[in-house]
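I open this notebook to record what I looked up, entry by entry. The structure comes first, my notes after it.

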Amino acid sequence: MVEVAMTARDEGGPATSGSGVKSPAAPVAAGSRAAGNPSAANALAGSGNSSERSAGGASTAAMPSDSPGSRAAGAGPVDLDDIQGLLRFGFKHHTEALILLLRVKDAAAARSWLAQVQVTSAVTLDPVPPTALQVALTRAGMAALGVAGNAVGGFSEEFLEGMAGDGNRIRRLGDVGASAPELWNWGSGDREPHVAVLLYAMPGHLADLQHTTELGCALGFDVTYRLTTTDMGGREPFGFADGLSQPEVDWDRVLAAQDSEQLSYRNLSCLGEFVLGYPNEYGLYTPRPLLPTSLDPQQVLPRAEEDTSSADLGRNGSYLVIRQLRQDVRGFWQALNARAGGVDVEREALAAHLVGRTRDGAPIVIDRPPPALGSPPASASASPDLNAFTFDADPAGHRCPIGAHIRRTNPRTADLPPGGDGLVSRLIRTLGLNSESRARDLVASTRFHRLLRRGREYGTQVTPEQALRLQTPVESGLHFMCLNANIQRQFEFVQSAWIMSTHFNGLHCESDPLLGNRKPGPGGLRCDYFSMPKADGLTRRLENLPQFVTVAGGAYFFLPGIRALRWLASAASA
Ligand code: HEM
């Protein structure tokens, strides 16, 4: 079977170094703050690395070791031909996309389709093939396929429970009120998909790809939902340039696999933050199912890098989070217009403060001449300085409000809250002993909470000017998708501790201005404010912000390595 592949030019972020990617990483240093002494930031946030256990020595199925600190084993080659392309490419040339949500109706037929479907790998190809296909499975999907329970127990708790499978999780993610799972179109109860098939195509090629895919899987699966997408030309439905900031993934494994304090923000992330089976930012291997080799007699699965006596079901895979986020574009622009007194420039300025970037993508924390309205959206690859900034020079949020969407979702800070270089100052800040440190601590280690975003827009695109004139809402939104190796520490942390938190970084009564559900918390605590502090000491505060985004579906998937997909589809997994 031939795996189709892409070219690295297709990547959303900075280009990586070609197709080889076999360079060894630096040797691993001993001693881990993460292992023995979790940072105050993570202790406070409750995100820590408690789930980042050593996989070393695990030899029984699905039982990663509980010991906190064995080190990464060393660098081997990166198996690009075993990694699904979505981890390396945004498929930006493939402006047409469709996500098929499937449920198993005949397990044997479903397995035989999964055993041979052509999956696009992360290998560079030139020219770019016209289509790409990716496959991801939920826990319910693995059960429906008949995968043995002892093989999957080593997946993370979040994945095993599912996005809508636990009341606490639902509340923490903010999926309440109009966003409650029982109101979703798909994703909760018996509407949880088993498999997501992601189809990407260059213009004019999607219909054929959809036809052959649906025909091919029809014996084994029912298509229960089709998530269609719309090419909005690099903008999301509110009209902002999107897809500008991404972590750069260390495909060349040049970062030393160790948890050393980073005192300045960097955009390069360890491979293991996104791809299972490689060391993460703590210098550890994220837990995943490591199986006795007796469960893999054909040697379909790769062996674990840190323990070659185990078959690694997780290696080269990742967790894929999909959430259908319905956007009230009309409500957004009409609400801002009302607060701007109908003044165009004021409305644009308010919108830019909510996001932290102008509609054309310029970060407002940097002083620059405003771009002409209506000009094409900026792209990070065309203007790299669109991402070359931190918020260090704007600690009070005078330029970019602390609660702006991009400042909440990536505070761009390193391990320690800012302060002097002296030993005492460092100690105070490490322990979070002063109030400033405490407020900052929650955001002090951005590098443990990065997401590789792969979302696609859907529905009807309208301009802000059209939205102001609309009498009734139009249906549009974002199929938010992100990849991460640890759902709890990455997606769930960003969603709950940063986006939904009403006390993010010292703020009160606010949540993310785009995404907040505005539902009062315990004791009627409001969360519908948005403050914009000014250098003259006054703070402009918006109140009664309506809910602009509603969750309409969602699920946690495992995007397996291609060999792992074949193993899951084989009789050996049963
Ligand atoms: C309808 C919902 C959403 C809209 C309209 C939206 C919009 C945007 C926009 C306009 C940007 C700036 C451009 C860019 O850097 O790509 C951005 C950045 C970002 N968003 Fe969202 N977003 C949404 C949902 C989410 C969710 C659910 C998350 C995470 C759970 C998220 C995480 C991020 C991150 C991490 C960034 C990059 C921040 C940076 O590194 O500067 N977004 N979003």
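**Helix 10**

I started with the buried residues of helix 10, which are R347, L350, A351, A352, H353, L354 and V355. The model I am reading is a predicted one. Helix 10 covers residues 344–355, 12 residues in total. I looked up its span: 17 Å from the first C-alpha to the last, close to the 16 Å expected at 1.5 Å a residue. What do the buried residues of helix 10 pack against? I found helix 9 (329–339), helix 11 and strand 15 (530–533). Just after the helix comes G356, and its phi is positive, near 100 degrees.

**The chain as a whole**

I then stepped back to the whole chain. It has 574 residues, and 55% of them are buried. I noted 16 helices and 17 strands. I also looked at contacts between residues at least 6 apart in sequence, and 75% of these join residues at least 24 apart.

**Confidence**

I checked the confidence before going further. The average pLDDT of the chain is 84, and 80% of the residues score at least 70. Two stretches stand under 50. One is residues 1–51, for which the model has 133 contacts beyond four places in sequence. The other is residues 53–70, with 56 such contacts. Where pLDDT is low, the predicted coordinates should not be read in detail. I left both stretches aside.

**The ligand**

Which residues are closest to the ligand? I wrote down F240, L244, S245, T409 and N410, out of 25 residues that surround it. Next I asked which elements give two or more residues to this shell. They are strand 11 (318–327), helix 11 (405–409), strand 14 (476–484) and helix 15 (488–500). Helix 15 gives the most, with four residues. By type, the shell divides into 15 nonpolar, seven polar and three charged residues.

**Helix 15**

Helix 15 gives the most residues to the ligand shell, and I took it up next. A straight helix of 13 residues would span 18 Å at 1.5 Å a residue, but helix 15 spans only 15 Å between its end C-alpha atoms. I looked for a bend and found one of about 35 degrees at V494. Is helix 15 largely enclosed or largely open to the outside? I count it as largely enclosed by the rest of the structure, because 11 of its 13 residues are buried. The buried ones are Q488, R489, Q490, F491, E492, F493, V494, Q495, A497, W498 and M500. V494, where the helix bends, is thus also on the buried list.

**The loop between helix 15 and strand 15**

I looked up three residues in this loop. N505 is found there, and its phi is near 50 degrees, a positive value in a residue other than glycine. N505 counts as partly exposed because it has 19 C-beta neighbours inside 10 Å, and 20 would be needed for buried.

C509 lies in the loop between helix 15 and strand 15. Its phi is positive as well, about 60 degrees, although C509 is not a glycine. With 17 C-beta neighbours inside 10 Å, C509 counts as partly exposed.

E510 is found in the loop too. Is E510 buried or exposed? E510 is buried, because 25 other C-beta atoms lie within 10 Å. Leaving out residues up to four places away in sequence, I found that E510 touches G403, T502, C527, Y529, F530 and S531. I also noted the distance from E510 to E543: they are 33 residues apart in sequence and 9.4 Å apart in space, C-alpha to C-alpha.

**L86**

I turned to L86, which lies in the loop between helix 2 (40–45) and strand 2 (96–104). L86 is buried, because it has 23 other C-beta atoms within 10 Å. Which residues does L86 touch, not counting those up to four places away in sequence? I listed Q134, L198, R454, L483 and L559. L86 and L133 are 47 residues apart in sequence, yet 9.2 Å apart in space, C-alpha to C-alpha.

**A cis peptide bond**

My last entry concerns the backbone at P127. A cis peptide bond joins D126 and P127, with omega about 5 degrees. P127 lies in the loop between strand 3 (121–124) and strand 4 (131–137).

Notes:
Residues are numbered from 1 along each chain as its sequence is written. This is a predicted model: local features need pLDDT of at least 70, side-chain atom pairs count only at pLDDT 80 or more; totals for chains, interfaces and linings use all residues. A residue is near a molecule or strand if its C-beta atom, placed from the backbone, lies within 6 Å of it. Ala, Val, Leu, Ile, Met, Phe, Trp, Tyr, Cys and Pro count as nonpolar, Asp, Glu, Lys and Arg as charged, and the others, Gly among them, as polar. A residue is buried if 20 or more other C-beta atoms lie within 10 Å of its own, exposed if 12 or fewer, and partly exposed in between; C-beta atoms are placed from the backbone. Two residues are in contact if their C-beta atoms, placed from the backbone, lie within 7 Å. The expected span of a helix is 1.5 Å times one less than its number of residues. pLDDT is the predictor's confidence in each residue, from 0 to 100. The bend at a residue is the angle between axes fitted to the seven residues ending there and the seven starting there.
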